[in-house]
Amino acid sequence: MMNDRGKSDGPVVPAKPPNNAGGPAAEGVEGRGPAKENMDQQNASRTQGRTSAPSALDRVREAAVRDRKARFTALFHHVTIDRLRGAFSSLKKNAAAGIDGVTWVQYHAELEENLRDLHERLHRGAYRAKPSRRVFIPKPDGRQRPLGIASLEDKIVQRAVVEVMNAVYEVDFLGFSYGFRPRRSPHTALDALAVGLLQRKVNWVLDADLRDFFGTIDHGWLVKFVEHRIGDRKILRLIRKWLSAGILQDGIWTASEQGTPQGATASPLLANIYLHYVFDLWVQQWRRRHAQGDVILVRYADDFLVGFQLESDARRFLDELRERLARFALELHPEKTRLLRFGRFAAKDRAACGEGKPKTFDFLGFTHICGKSRAGRFLLVRRTMAKRMRAKLHEVRLALRRRQHLPIPIQGAWLGNVLRGYYAYYAVPTNALRLQAFRTQVVSAWHRSLRRRSQHDRTNWARMSILRKRWIPPAHVLHPWPDERFNVRTRGKSPVR
């Protein structure tokens, strides 16, 4: 439900990022605390006593903070049996098996022996990465997304190595990068975007998408980027093995000359490293040196949005971005990349030009709309993307067919879990109508499914109302307003305020 927030009339901060060389400037602009606030802190101390000493990876982090140009030549010894065990425990028990057919349960049956053998093979160089098994999953737009399913041991090793590498790269990554990082989620990116649109001078939004990013990453450039910080030859050898392991589809092996398989545990980190050097550092410098007005940026993996105060900045940035990406074998998707007028003054400016209502853009499952509060002030409206909602409803209907003859309590409990999971992501302020619509469609689909169980089924709407109250949770907004959660997370230190 919308109410008069009046958030868009707050004070506006200076357009340029701070030039303080003593800390990461981009973190300050995007309203994040220093990088150390977002580090993975899962490494508990192994020492005994009342005072905890820093763990081994904590010391790696401290060294990475002290010297931003240091190359770490001794990291592989951190890939211990304990770290491999933790990596195994974090894997999904029911995940699909790779080409070797080994499942989580099978590997767990002799876990300690398997881990000792894996650890020994890793440290004497006998470990061999296996090709990924190619599968396809449907995308919301009807197309197929290729995924690479790694073998179980490859997943374990990749997860353990990623944990070690994160100790270095979480220090380096900039504040506007949110995808697949410890203690960050799609909602942290959505909050940062909303606060930027509400509290900064944004009149234009570049909605950008990279064409087949994971499939076009250049292996040579990627290894060079990793070598900026990682000098450990065993870590580099592992990365080269994963990149060259290839893909197995229908019994046919295909060499991997570029790209990283979507679905591989190491792919998100490698993709973030690639974009850190190709995009993040470049755009940080561009914003400092060339922007005449305010600029905001939010990147989640290969999806990013850039907000501009001035149209001239936006068009110049887009032209130079295309040139920058081309140098590293990347390309903007011509159909999914748009520059549109958006923000507090978009409706007024478009009306003056006779262009009608402001256009919308999609980001991380939500359609962002220039709306108005009850008091007539600008309100950023976020609603579930229509194609995402249709795809989820289609999935629910297919699942109901498979459960059609199960007892009603089992069906109801399952549907309740589906709705709660859906609300956990989409129940944000201004999205109540879409939540209610989704709930109504799910109840209607359940009703039709029950009526098909028998020609003599008597599940009328009165009976359905009882079942709905018993099993289907009501649609409520669960997430706070973006600025409230953003300010709590940044402890009020954000210059966006």
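How many of the 21 residues of helix 6 are buried? The count is 20, so helix 6 is largely enclosed by the rest of the structure. The legends below describe close-up views of a predicted model.

**Figure 1. Overview of the predicted model and its confidence.** The protein contains 18 helices and eleven strands. Of its 497 residues, 51% count as buried. Among contacts between residues at least 6 apart in sequence, 73% join residues at least 24 apart. The average pLDDT of the protein is 86, and 87% of the residues score at least 70. In residues 1-53 the pLDDT is below 50, and this stretch has 123 contacts in the model beyond near neighbours in sequence. Where pLDDT is low, the predicted coordinates should not be read in detail.

**Figure 2. Helix 6 and its bend at N166.** Helix 6 covers residues 152-172, 21 residues in total. From the first C-alpha to the last, helix 6 reaches 30 Å, close to the 30 Å expected at 1.5 Å a residue. At N166 helix 6 bends by about 45°. Of the 21 residues, 20 are buried.

**Figure 3. Surroundings of Q158 in helix 6.** Q158 has a relative accessible area of 5%; because this is under the 20% cut-off, Q158 counts as buried. Leaving aside residues up to four places away in sequence, Q158 touches W242, A264, T265 and A266.

**Figure 4. The open four-stranded sheet.** The strand order is 6-7-3-8, and the pairing is antiparallel. Strand 6 (295-300) and strand 8 (338-341) stand at the edges. Each of these two has a single partner strand, so one side of each is left without a neighbour in the sheet. From one strand to the next, the twist averages 15°. Strands of a sheet pair through backbone hydrogen bonds, either parallel or antiparallel.

**Figure 5. Pairing of strand 6 with strand 7, and the helix across them.** Strand 7 (residues 303-308) pairs with strand 6 in the antiparallel sense over six bridges. L297 has V306, in strand 7, as its bridge partner. Helix 7 (residues 186-199) lies across strand 6, strand 7 and strand 3 (204-209). The angle between helix 7 and strand 6 is about 165°.

**Figure 6. Two loop residues with positive phi, R183 and L364.** R183 is placed in the loop between helix 6 and helix 7. Its phi is near 65°, a positive value in a residue other than glycine. At 51% relative accessibility, R183 counts as exposed. L364 lies in the loop between strand 9 (361-363) and strand 10 (366-372). For L364, phi is near 55°, again positive in a residue other than glycine. The relative accessible area of L364 is 15%, and this residue is buried.

**Figure 7. Contacts of Y426 in helix 15.** Helix 15 spans residues 408-426 and includes Y426. Y426 is buried, with a relative accessible area of 10%. Not counting residues up to four places away in sequence, Y426 touches G365, F366, T384, R388, N431 and L435. Of these, G365 is 61 residues from Y426 along the chain, and the C-alpha atoms of the two are separated by 8.3 Å.

How values were computed
Residues are numbered from 1 along each chain as its sequence is written. This is a predicted model: local features need pLDDT of at least 70, side-chain atom pairs count only at pLDDT 80 or more; totals for chains, interfaces and linings use all residues. Side-chain values use heavy atoms; hydrogens and water are left out. pLDDT is the predictor's confidence in each residue, from 0 to 100. Contact means heavy atoms within 4.5 Å. The expected span of a helix is 1.5 Å times one less than its number of residues. The bend at a residue is the angle between axes fitted to the seven residues ending there and the seven starting there. Buried means under 20% relative accessible area, exposed over 50%, partly exposed in between (1.4 Å probe, protein chains only). Two strands pair if DSSP finds at least two bridges between them. Axes are lines fitted to C-alpha atoms, for helices over the stretch in contact, and angles run from 0 to 180 degrees between N-to-C directions.
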